[in-house]
Amino acid sequence: QVQLVESGGGLVQAGGSLRLSCTASGSIFRFNAMAWYRQVPGKQRELVARITAGGTSDYLDSVRGRFTISRAKNMGYLQMNSLKVEDTAVYYCNTIPQIPSWGQGTQVTVSS
């Protein structure tokens with residue numbers, strides 16, 4: 001069974017940066033697009049950024065220009081700069097199309 005493990009979250013002040021990492025077991029990322037999602041309590045999970053196997057990326061409007069998604073072999077990354085309080089959420093990675101076994105996510109908390 002494919003496993004996804006997110007890491008790199010933490011507490012940061014507004015304007016700061018964090019780099020999230022996603023490790024996938026097996027070769028699930030090799031031929032699939034992968035994406036980062038985030039979720040806050042009481043709201044649906046939303047797609048933040050995605051990148052195809054060929055490297056084409058796309059972003060949620062609110063993070064475009066501040067976040068950068070990248071990938072390498074079985075790893076995915078999300079560089080987050082100029083963080084805002086509203087970026088606070090649990091961040092998850094997954095493939096596109098999604099696999100059913102989500103990881104535990106990594107908490108990102110941005111303080112004002």
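Strand 1 has two faces: Leu 4 and Glu 6 are on the covered one, Val 5 and Ser 7 on the uncovered one. The model is a predicted one. Strand 1 joins strand 3 through four bridges, and the two run antiparallel. One of these contacts can be placed by residue: Ser 7 has Ser 21 of strand 3 as its bridge partner.

**The open sheet**

Strand 1 belongs to an open sheet of four strands, ordered 1-3-8-7, with antiparallel pairing. Its edges are strand 1 (4–7) and strand 7 (67–72), each of which pairs on one side only. From one strand to the next, the twist averages 15°. Strands of a sheet pair through backbone hydrogen bonds, either parallel or antiparallel.

At the strand 7 edge, six bridges pair strand 7 with strand 8 (residues 75–80), again in the antiparallel sense. Here Ala 72 has Met 75 of strand 8 as its bridge partner.

**The disulfide**

The structure holds one disulfide. It joins Cys 22 to Cys 93, with an S to S distance of 2.0 Å. Which parts of the chain does the pair tie together? Cys 22 lies in strand 3 (residues 18–24) and Cys 93 in strand 9 (residues 89–96), so the link spans parts 71 residues apart in sequence. The torsion about the S-S bond is about 65°, so the disulfide is right-handed. Are its ends buried or exposed? Cys 22 is buried, at a relative accessible area of 0%. Cys 93 counts as buried too, at 0% relative accessibility.

**Asp 87**

Asp 87 sits in the loop between strand 8 and strand 9. Asp 87 counts as buried, because its relative accessibility is 1% and the cut-off for buried is under 20%. Its side chain reaches the backbone nitrogen of Lys 84 at 2.8 Å. What else does Asp 87 touch, leaving out residues up to four places away in sequence? The contacts are Arg 38, Val 63, Arg 66, Phe 67, Ser 82, Val 108 and Val 110.

**The aromatic cluster**

The count of aromatic pairs comes to two. Both are listed below.

| Pair | Centre to centre | Angle between planes | Geometry |
|---|---|---|---|
| Tyr 37 and Trp 102 | 5.1 Å | 75° | edge-to-face |
| Tyr 92 and Trp 102 | 6.0 Å | 90° | edge-to-face |

The pair of Tyr 37 and Trp 102 links distant parts of the chain. Tyr 37 is in strand 4 (residues 33–39), while Trp 102 is in the loop between strand 9 and strand 10 (106–111), and the two are 65 residues apart. The rings of Tyr 92 and Trp 102 have their planes at 90°, so that pair is edge-to-face. Tyr 92 is in strand 9, ten residues from Trp 102.

How accessible are the three residues? Tyr 37 counts as buried, at 7% relative accessibility. Tyr 92 is buried, with a relative accessible area of 11%. Trp 102 is partly exposed, at 27%. Ring pairs link Tyr 37, Tyr 92 and Trp 102 into a cluster. Trp 102 takes part in the pair with Tyr 37 and in the pair with Tyr 92.

Technical notes
Residues are numbered from 1 along each chain as its sequence is written. This is a predicted model: local features need pLDDT of at least 70, side-chain atom pairs count only at pLDDT 80 or more; totals for chains, interfaces and linings use all residues. Side-chain values use heavy atoms; hydrogens and water are left out. A disulfide is a pair of cysteine sulfur atoms within 2.5 Å. Buried means under 20% relative accessible area, exposed over 50%, partly exposed in between (1.4 Å probe, protein chains only). Two strands pair if DSSP finds at least two bridges between them. Axes are lines fitted to C-alpha atoms, for helices over the stretch in contact, and angles run from 0 to 180 degrees between N-to-C directions. A polar contact is a pair of N or O atoms within 3.5 Å; within protein, one must be able to donate a hydrogen and the other to accept it, and residues adjacent in sequence count only if both atoms are side-chain atoms. Contact means heavy atoms within 4.5 Å. Rings of Phe, Tyr and Trp (its six-membered ring) pair if their centres lie within 6.5 Å; planes under 30 degrees apart count as stacked, over 60 as edge-to-face and the rest as tilted.
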